Every structure is written in structure tokens, then in C-alpha cells.
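This report describes the packing of a single protein chain, from its aromatic contacts to its nonpolar cores and one of its pockets. The sequence and the structure are shown first.

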Amino acid sequence: VSSTFMADGSQPITIVGAGLVGALLATVLARRGYRVTVYERYGDIRAIPSSGRSINLVATARGLRALTLLPDDVRARLLELGVRVTGRVIHAGGEPIFQRYGKDDSEFNYSISRYELNKFLISEAEAAGATLRFGHRLLGVELEGEYPVLTFAAPHEASGQRGVLDSALHAEDNTGAEREVVVRCGGPVVAADGGGSAVRQALSSAGACAVHSSLLDSGYKEMSFPRAAAEAGGMARHGLHIWPRGSHMLMGLANLDGSFTGTIYMLNQAGDATLADDASAGASFEDVEAQGVASAAAFLEAHYATALPLLGGVEAAARQLAENPRGILGTVRARQWAVGGKAVLVGDAAHAIVPFFGQGMNCGFEDVHELVRLLDEHAAPAVASPAGYAAAFAAFEAARKPNADAIADMALENYVEMQSSTADPQFRLCKAVENALENSPLGARFRSRYAMVCYGGAGNVTYANAQALGRVQWEIVLELAKGVSSAEEAAAQLDVAQAERLLAERLQPLQKELQ
């Protein structure tokens, strides 16, 4: 089919993917004077109900640094979407136990609906002047020219898009159920199309990007805690609620309307258990779904009886567990993120991670912060060139990849911590010692790994540095915990003199090395 190309030649950047990272990046770049077009595989999320398979996001100070790139009023309106969360609430039997995240209430995270945040950022990208083209499924990427050529499949009705016309060369094949859209980009392509990135797959097929991916044996489902039930049960809105059960767990994070978005994590199939000594190790979605609501109800009554009133009763909870769609969990590591000045991977397209450190979005937002800084340095709108983009993308990959690898590893470690360790009295004792040390006169020299991960980012507290420091610090905490009789007595019984000696001998040399 012959195609007629039209061009106005002014588009410098094409973003594939209108998720959280793509929409934020589009907003920031458009406000900085770039001509931005975003192609999204799916329809406009603002017109689509939430799917029942969403995990509430935890926004931490590290990721929120990227919001400094936005006007103050936009940042303020975004934060109004969230609920402040100051720690974990562990439901392990008996009274719930609170484990603080930071030193005190001044350090907190935000619980934010992924769905609501994505809608907000897409609208902000549109308001900033970015073109948004929904319903465009990527078919191929050609890298031979100065900048890529992208081919999309789009339904005919997708032609009515918001925003201005592409400033790339553009062609359509209007035969068949879908039209073929060819975009000859006038600038580089930023792949922000998630863990299943079609751009990354195309680059890998072209030999431009090697990829390693691995799936967990576990999956997840959304479980809603209705407002009335949550309020009647006194669910603390300032906490991430966790019901740790060994090889499976239930979590809940507060929403603005008083409800909680819950997520249950479990093995997908029987026999996948890695915690063989755990009495619950055989539980799986396969088993729970086997007889529909009946088997789901039996499972919930056996393992989550204390959560059932908060979930609106056994019938409502069992129906959700049996019928809600199941999500997958995995880690993706792209070994190359940049292809000269032609293309670069960001967010989950470069480094998809499991959600158990609450850092997937935060890592992606930190990508945006760093990429924009490097574009300012090497390829600002008025002077952008292929060489400038290449320099920015190479520096971006060098700076971010070690940190993405580090948080991927730590997220997998936190999976075990949240499933089982949070219910372990010895672990709770160590966490109490850690918090006591942070709040002691030595607190200026010691921050927990969690605090470094979530509240770091500035001052060279990178993910990689937090990982290295965290290993040494936990060894110190374990040693100090030997002299403490209980979590409740941690602050009173902490041996400050011993702690000072251990910090000087083991931690401070590494801190100096990493500065």
C-alpha cells in the first residue's frame, strides 16, 4: 500500500507509553520547550474504569524530588491525591503492631491510587502542550536513519486524538480493521512503555539491547476494604497494613475516600512454595480458585479471619479473591538502555521490579529527574542534536543502571521480609533497636536502609549506596540486639557506647569511601 508522508519537521522527542513515567516526563519536557508526542498502546485511561488489578502506590521523598521540576501548584494538587503513611501495621496475631518507617512522623510516604495519579499526569501532560495519541500499538522500530522510524497499529476511531498534529513524518495505511501508522521521528524516542516494553523488545530483536527477565512464582490480586467496614474496624489510615502469612500475605493502603486498596500476594500454583517449612506453603491461587467463591471463603477464614470484617465480610471478600484478575510479578533488567542519540529506555522499560519496597514508581520518577538534568546539560531544546542526545543518554545509563540493579535486588529481599520476617519476634526486636539507634544521639551517623532508600536520593544516598551501607548496618543492629530483652525496651536498653564503637569501626569507613 502506498503511503503519503506529511511533515512539519519540528518534533524533537517521541515518548512511547503514557503511564506514570511517560506522562510525567512528557509534562516536564513540554514545559521546558520540547515538542513532545506520546504514543500509548491502550485507550485513554481517563475514560476507562479501574481494572481491579491495581496496586496502590507508595510515593516517597526520593521519587517526589522529580516533582520539583513542576510548578508548585501542580505539585500541591498531585500530593492532594495521597494519604500520609508513617509505618507498617503488622497483623500477626493479637493486637496489631506498629513499625515506624522513619525517625518520627516528619518522615512519611504517600499512599496514592495508581489509576488516579495516572489520570492526573496525563491531563497535566496535555495541559503542558504534549500531543497524546492513544490506541497505538507498536509494531516495529527501525534504527537505520538519524532518528528511528516507528510503526504502529491503531483502530480507525483512534484518529480523533487530543493535542496538536505530530511534527514527525507520518503515514497511514487505512485498509483492514486497523490502520497502520508510520512515524519518522524528528528526534529521539524515549521508551516508557513499562515492563513489557514493545520498544525494548524491538531493540532486543535488532541486537541493540540485551535483556534478562525473571518472574516470581507468586502473583497478586486486588482486595478492596470498603470505607464503612474499614472505619467500623478502626483501620489506622497512617499505616501500611500487612497480614504476613509466610508464603502469602495481604496488604492494605488507605485511599482518600476512607476505603483501603488491598492486595493479596500468593503462589500461582501449588508446589511452587519456596518456604517449605511454613504451614501455609501449599496455598496457591490455583487452589483458592479451584471451586470459586467456596474455596476462596474457606481459605480466607483459615488464614485471614481478622481481616474479613475489614474486607466487608467473608462473602464479599471471597468473591473478590475468586473473581478478580490475577497480576504477574517479575524483574526485568535491560543491559543496555541507550542506542546512541536515537533511543533510550526509562522506568519499567529499563528496570521493572517487584513492588515490595514500594520503589517502582519512585525509581522511575528519579529516572525522570536525572534524564531531564542531563538533557538540560547536553541537549536543551535550542541546541539539541544527535550528539547531544547521545551524550545525555549515555550519561543517564551510566548513572542510573547500577542503582536500578540495586533496588531490584532489595525489592526481592523485602518480599521475604514482608511475607514472613515481619511476624518474627526477633525481627521486630531488631527493627525496634534500629529505630532506637536512629533516634539516639548517634542518629546523625545512622539511617536505616529503609530510610536511605525512601528518603534518600540527595547527598549521594543512591540506591546502590543504600544497599552497601544497609548490609553493614544490619550486622551492627544484630549485634546490638543481643543486649536488648524486648522490642518495648529497645530505647531504654540500647548500649549507646557499644553502638558508637561499632559505627566508628564498621560503618564510618564505608560512608567515607562512598562519599
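## A charge over a ring

The charged end of Arg62 is placed over the ring of Tyr463, at 4.2 Å from the ring centre. This arrangement, like everything that follows, is read from a predicted model.

## Overall composition

The protein has 515 residues, and 55% of them are buried. Its secondary structure amounts to 17 helices and 20 strands. Among contacts with a separation of 6 or more, 73% are between residues 24 or more positions apart.

## Aromatic pairs

There are 15 aromatic pairs in the structure. In one of them, the ring centres of Tyr147 and Tyr389 are 6.4 Å apart and the ring planes meet at 80°, so this pair is edge-to-face. The two residues come from distant parts of the chain: Tyr147 is in the loop between strand E9 (137-142) and strand E10 (149-155), whereas Tyr389 belongs to helix H12 (residues 386-419), 242 residues apart. Both Tyr147 and Tyr389 are buried.

A further pair is formed by Tyr265 and Phe356, with ring centres 4.9 Å apart; the planes stand at 65°, so this pair is edge-to-face. Tyr265 is part of strand E17 (residues 260-267) and Phe356 is in the loop between helix H10 (348-351) and helix H11 (360-378), so the pair joins parts of the chain that are 91 residues apart in sequence. Tyr265 and Phe356 are both buried. Elsewhere, Tyr101, Phe357, Tyr450 and Tyr455 make up one aromatic cluster.

## Nonpolar cores

In soluble globular proteins, nonpolar side chains tend to be buried together. Here the largest nonpolar core contains 78 residues, and the residues with the most contacts inside it are Ile15, Leu24, Val36, Leu121, Leu150 and Leu375. Helix H1 (residues 20-31) contributes the most to this core, with 9 residues.

Leu24 illustrates the packing: beyond residues up to four places away in sequence, Leu24 touches Ala66, Leu67, Leu70, Leu121, Phe365 and Val368. A second core, separate from the largest one, has 54 residues and includes Met418, Ala481, Leu494 and Leu507.

## The second largest pocket

The second largest pocket encloses about 770 Å³ of space. Its lining consists of 33 residues, and those nearest the pocket centre are Gln99, Phe427, Lys431, Ala432 and Glu434. Several elements give two or more residues to this lining: strand E6 (97-100), H12, helix H13 (425-438), helix H14 (449-455), helix H15 (463-481) and helix H16 (490-493). The largest share, 10 residues, is supplied by H13.

## Buried positions in helices

Phe299 lies in helix H8 (residues 293-303). With a relative accessible area of 8%, Phe299 is buried, since the cut-off for this class is under 20%. Apart from residues up to four places away in sequence, Phe299 touches His248, Ile264, Met266, Ala283, Val288, Tyr304 and Leu321. Phe299 and Glu289 are separated by 10 residues in sequence and by 10.0 Å in space, C-alpha to C-alpha.

Gln320, in helix H9 (residues 314-323), is also a buried residue, with a relative accessible area of 15%. Outside its neighbours within four places in sequence, Gln320 is in contact with Lys221, Glu222, Met223, Ser224 and Leu311. The C-alpha atoms of Gln320 and Ala296 are 8.8 Å apart, with their positions 24 residues apart in sequence. Asn414 is located in helix H12 and is buried, having a relative accessible area of 3%. Not counting residues up to four places away in sequence, Asn414 touches Arg88, Phe356, Phe357 and Arg449; of these, Phe356 pairs with Tyr265 and Phe357 belongs to the aromatic cluster.

## A buried glycine in a strand

Gly239 is found in strand E15 (residues 239-244) and is buried, with a relative accessible area of 0%. Leaving aside residues up to four places away in sequence, Gly239 touches Val85, Gly87, Val89 and Gly252.

Gly239 and Tyr101 are 138 residues apart in sequence, while their C-alpha atoms are 9.6 Å apart in space. Tyr101 is itself a member of the aromatic cluster with Phe357, Tyr450 and Tyr455.

Key. Residues are numbered from 1 along each chain as its sequence is written. This is a predicted model: local features need pLDDT of at least 70, side-chain atom pairs count only at pLDDT 80 or more; totals for chains, interfaces and linings use all residues. Side-chain values use heavy atoms; hydrogens and water are left out. Rings of Phe, Tyr and Trp (its six-membered ring) pair if their centres lie within 6.5 Å; planes under 30 degrees apart count as stacked, over 60 as edge-to-face and the rest as tilted. Helices (H or I, at least four residues) and strands (E, at least two) are DSSP runs, numbered from the N terminus. Buried means under 20% relative accessible area, exposed over 50%, partly exposed in between (1.4 Å probe, protein chains only). A charge sits over a ring if NZ of Lys or CZ of Arg is within 6 Å of the ring centre and within 35 degrees of the ring normal. A nonpolar core is a set of buried Ala, Val, Leu, Ile, Met, Phe, Trp, Tyr and Cys residues joined through side-chain atoms within 4.5 Å. Contact means heavy atoms within 4.5 Å. On a 1 Å grid over the protein atoms alone, a cavity is a set of points where a 1.4 Å probe fits but cannot get out, and a pocket is an open set with protein on both sides within 12 Å along at least five of seven lines; lining residues have an atom within 4 Å of a point. Grid points are joined across faces, edges and corners, and a volume is the space filled by probe spheres set on the points.
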